[in-house]
2 protein chains.
Amino acid sequence: MGGTGGRRERLRAETTAEIRQVALKLMASGGPDAITLRAIAREMGMTANAIYGYFATRDDLVTTLINEVYAALADAVDAAWADAPATDPASRIQTWARAFRGWALANPEGFRLIYGDPVPGYQAPEGGAAPNAAYRVCTGIAGLAAAAWPYAEQFYADSDFQWSDFDGGLLGKVRPAYPDLPPAGVALALRIWGHLHGLVSLEIYGHLRTQTISPDKLFREELAHLVRSLGIDSEGYRPEPPR
Amino acid sequence: MGGTGGRRERLRAETTAEIRQVALKLMASGGPDAITLRAIAREMGMTANAIYGYFATRDDLVTTLINEVYAALADAVDAAWADAPATDPASRIQTWARAFRGWALANPEGFRLIYGDPVPGYQAPEGGAAPNAAYRVCTGIAGLAAAAWPYAEQFYADSDFQWSDFDGGLLGKVRPAYPDLPPAGVALALRIWGHLHGLVSLEIYGHLRTQTISPDKLFREELAHLVRSLGIDSEGYRPEPPR
DNA sequence: TGCAAAAACTTCACGCCGTATAGTTTCCTC
DNA sequence: GAGGAAACTATACGGCGTGAAGTTTTTGCA
């Protein structure tokens, strides 16, 4: 058998990449349920069954796509976080949240693919479709919570969360990254995730547009109150952390 | 043609009702994408095409189902709100939110049907699938905001929302019901909706279970901080509204 | 260089789906 | 009891995922 540089393996990798790429193109233009083996094959000048040489089932392909798209979301929010100055936690947190919504609005079909059920009979594998990317995003939000924690801690004195309340895989990333964040801070992170996910999700699925003219304004309001609820003021000024 | 009591019309209404009921049963057991005309017909001992005599397309049927299920959700949360004593706004608000999550957990497929994309090629009609039920739920949340407003108003002094930021249909229900609620209060209601929707949605779609062992505990935390963020304490005691 | 094995790919088939068209049966009304 | 409307069936088309079997292309080795 050829080594890792063999011509056959290179072609195989290229075809695999093309399948993924064509599938994403179909999704972008026709929504996630335009991802069909037959459509991909048609686009590539092949037969649908040829794809079975690269992915065992359609669900395997979809799982791969979810991982790819979810990783792109994680990249986007991580990059926004890294670019924002650590010296201003309020606007850094808001930047992260804006990047999250911005990515979703720019990739609505991707958002649906990750968080919804858009592909007809798709069944995610045990443990979720994209656990690593999910951990990455959650760890990112834990970063927001950690940045806010010196200010926010005072509001969580009576919180009774333990490490055992959370998934080990998540903690394996969060605790090393933010050693000062206690369990209550992780709970805060998950709640913030829920808040932002909900607003963005209502917007992407068209439920907000029926109620408000400007989801954008609503989200700006959310950002202002988010940092305020964390004990940080939003406009550059921020109080000293208590104690 | 027979009047409204004609035998023919009665049979027609019964068959229509049976179609809806069988569709909901299929959804409950096999998820929303088990709703197919052929499966319904099979269950009823008919041909799929016979259903076209009752619903013009499958999407029309799905729209009807969404309306029905969304109305059931609205009934559930309205009932919880009505049952909770108006004298204790904090626990009343928490009761509403618990009813919302409780309904979703009891009817996960219904939640997906209302808020997700579960039926393969479904296209909602112009103006949304179930605008009235959506208004009902939003108006319900506006009720939470209105109950909290005497306490929460102080946090929204710098809010610059106008009536024109919101949909007229929504305001047509909200303003008569809660004449003292200003535009900023409606924005607050939509944000609360987003927060709760997000947490419940992550849970229903299995994204939370990968991160935390007990979504229930997280939601309890959310409830506590929700009323606190509105300026009301959660444990029976509440401060006088300011001013 | 020739040849067998393996990999890549096609063809055909099955059972699902929504839905259009045309034909049949059932029922109500006059 | 006959005409007509309403309810329903039969057949068909193109779409889907996927399994089985067959064909072509490429590879590695004698």
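When I say two residues are in contact, I mean they have heavy atoms within 4.5 Å. Keep that in mind for the whole talk, and keep in mind too that what we're looking at is a predicted model.

Okay, let's start with chain A. Count up the contacts between residues at least 6 apart in sequence, and 71% of them join residues at least 24 apart. As for secondary structure, chain A has nine helices and zero strands, so to speak an α-α-α-α-α-α-α-α-α run if you read from the N terminus. The C-alpha trace spans about 65 × 45 × 30 Å along its principal axes. And of the 243 residues in this chain, 53% count as buried.

Now, how do the helices sit against each other? In general, you describe two packed helices by the angle between their axes and the distance between the axes. My example in chain A is helix 3, residues 58–83, against helix 6, residues 131–152. Their axes are 8 Å apart and the packing angle is about 20°. Anything under 35 degrees counts as roughly parallel, and that's why helix 3 of chain A is called roughly parallel to helix 6 of chain A. The crossing of these two is left-handed.

Who does the touching there? From helix 3 of chain A you've got Tyr70(A), Ala71(A), Leu73(A), Ala74(A), Asp75(A), Asp78(A) and Trp81(A). On the other side, helix 6 of chain A brings Ala133(A), Ala134(A), Arg136(A), Val137(A), Gly143(A), Leu144(A) and Ala147(A). Sorted by class, that contact comes to ten nonpolar, one polar and three charged residues.

Let's hop over to chain B for another pair, helix 3 and helix 4. Here the angle is about 150°, with the axes 8 Å apart. The cut-off for roughly antiparallel is over 145, so helix 3 of chain B is roughly antiparallel to helix 4 of chain B. This crossing is right-handed. On the helix 3 side of chain B, the contact is made by Val69(B), Ala72(B), Leu73(B), Ala76(B), Val77(B), Ala80(B), Trp81(B) and Ala82(B). Helix 4 of chain B answers with Arg92(B), Ile93(B), Thr95(B), Trp96(B), Ala99(B), Phe100(B) and Trp103(B). By class we get 13 nonpolar, one polar and one charged residues.

Staying in chain B, have a look at helix 5, residues 108–115. How many of its eight residues are buried? Six of them, so to say mostly covered. The six are Gly110(B), Phe111(B), Arg112(B), Leu113(B), Ile114(B) and Tyr115(B). And what covers them? From chain B, the cover includes helix 1, helix 3, helix 4, helix 6 and helix 8. Chain A joins in as well, with its helix 8.

That brings me to a residue in helix 8 of chain A, namely His195(A). Buried or exposed? His195(A) is buried, because its relative accessible area is 10% and the cut-off for buried is under 20%. Setting aside residues up to four places away in sequence, His195(A) touches Glu222(A) in its own chain, plus Gly194(B), His195(B), Leu199(B) and Glu222(B) over in chain B.

There's another cross-chain case in Arg228(B), which lies in helix 9 of chain B, residues 215–229. Arg228(B) is partly exposed, at 34% relative accessible area. Leave out the neighbours within four places in sequence, and Arg228(B) is in contact with Phe155(A) and Asp158(A). For a sense of distance, Arg228(B) and Ala39(B) are 189 residues apart in sequence, and their C-alpha atoms are 49 Å apart.

Compare that with Thr15(A), up in helix 1 of chain A, residues 7–30. Thr15(A) has 17% relative accessibility, so it counts as buried. Beyond its neighbours within four places, Thr15(A) is in contact with Met44(A) and Tyr54(A). Met44(A) is 29 residues along the chain from Thr15(A), with 9.5 Å between the C-alpha atoms.

Last bit, for the cysteine people. A disulfide is a covalent bond between the sulfur atoms of two cysteines. How many turn up over all chains? Zero, on a search of the whole structure. As for Cys138(A), that residue is buried, with a relative accessible area of 4%. Cys138(B) is buried too, also with a relative accessible area of 4%.

Technical notes:
Residues are numbered from 1 along each chain as its sequence is written. Chains are lettered from A and ligands numbered from 1 in the order in which they are written. This is a predicted model: local features need pLDDT of at least 70, side-chain atom pairs count only at pLDDT 80 or more; totals for chains, interfaces and linings use all residues. Side-chain values use heavy atoms; hydrogens and water are left out. Axes are lines fitted to C-alpha atoms, for helices over the stretch in contact, and angles run from 0 to 180 degrees between N-to-C directions. Helices (H or I, at least four residues) and strands (E, at least two) are DSSP runs, numbered from the N terminus. Angles under 35 degrees count as roughly parallel, over 145 as roughly antiparallel, 65 to 115 as roughly perpendicular and the rest as oblique. A crossing is left-handed if the near helix is turned anticlockwise from the far one by less than a right angle, and right-handed if clockwise. Ala, Val, Leu, Ile, Met, Phe, Trp, Tyr, Cys and Pro count as nonpolar, Asp, Glu, Lys and Arg as charged, and the others, Gly among them, as polar. A disulfide is a pair of cysteine sulfur atoms within 2.5 Å. Buried means under 20% relative accessible area, exposed over 50%, partly exposed in between (1.4 Å probe, protein chains only).
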